[in-house]
Amino acid sequence: MHSVYIVEVIVQMNTETKALINKGEMLPLMEEFYTIQGEGAHTGKAAYFIRIGGCDVGCHWCDVKESWDANLHPPTHTDTIITNAKKYANTVVITGGEPLMWSLDYITKQLQKDGIKTHIELLAPMRFLVFGTGFVCRQKRQNYPCSALTKKPTN
Ligand code: SF4
């Protein structure tokens, strides 16, 4: 489902932009700002928020529906985003949208290289398990099938 959506978005971009997006060297940036984390275990701590456009999940309570259409958010060089973040904070929160629709290898490696703590807000736990450890995530969608992941076989 996600790969089909990404293909639809990328088809509308020029060849160079597509290549950079595929490598994670550009991301559809919706907004970026320095603020205080208001949720989760890091509530009250300052962080630089990077909101990446694009989401095909469709939570009915979503408060950032304007993030859903990635075509509305300009492909932005990831190095520029990182440079901006480093001016403000030693912690970055990558949010969306659903950020794991995009390649985050480049941005996370660069941030880690610069000693920036990286928190990713995503539709956990499924994608968190795929992505690995070292990041903070929170579950956004109620009733996501955690029980399906942990349910013991009946036979
Ligand atoms: S995953 Fe996030 S951005 Fe996507 S619909 Fe749900 S709350 Fe909104």
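**Figure 1. Contacts across the whole chain of this predicted model.** Let us start with who touches whom: among contacts with a separation of 6 or more, 68% join residues 24 or more positions apart. The chain has 155 residues, and 28% of them count as buried.

**Figure 2. The order of helices and strands.** Here you can follow the chain through its 6 helices and 5 strands. Along the sequence they come in the pattern α-α-β-β-β-α-β-α-β-α-α.

**Figure 3. A close look at helix H3, residues 78-86.** Which residues of H3 are buried? They are Thr 78, Ile 81 and Ala 85. These three lie on the same side of H3, because they cover an arc of only 60° around the axis. The spacing fits a general rule: an α-helix has 3.6 residues a turn, so residues three or four places apart point the same way. Now look at the face turned away from the buried side, where you will find the exposed residues Thr 80 and Thr 83.

**Figure 4. The neighbours of H3.** What do the buried residues of H3 pack against? Their partners are the strands S1 (26-36), S2 (46-52), S3 (75-77) and S4, together with helix H4.

**Figure 5. Strands S4 and S5 side by side.** Strand S4 (residues 91-95) pairs with strand S5 (residues 117-120) in the parallel sense, over 4 bridges. To find your place in this pair, look for Val 92, which stands opposite Thr 118 in S5. Between the two strands, the chain leaves S4, passes through helix H4 (residues 105-113) and arrives at S5. This β-α-β crossover is right-handed.

Notes:
Residues are numbered from 1 along each chain as its sequence is written. This is a predicted model: local features need pLDDT of at least 70, side-chain atom pairs count only at pLDDT 80 or more; totals for chains, interfaces and linings use all residues. Two strands pair if DSSP finds at least two bridges between them. A crossover is right-handed if, with the strands pointing away from the viewer, the path from the first strand over the helix to the second runs clockwise. A residue is buried if 20 or more other C-beta atoms lie within 10 Å of its own, exposed if 12 or fewer, and partly exposed in between; C-beta atoms are placed from the backbone. The arc is that of the directions from the helix axis to the C-beta atoms. Two residues are in contact if their C-beta atoms, placed from the backbone, lie within 7 Å.
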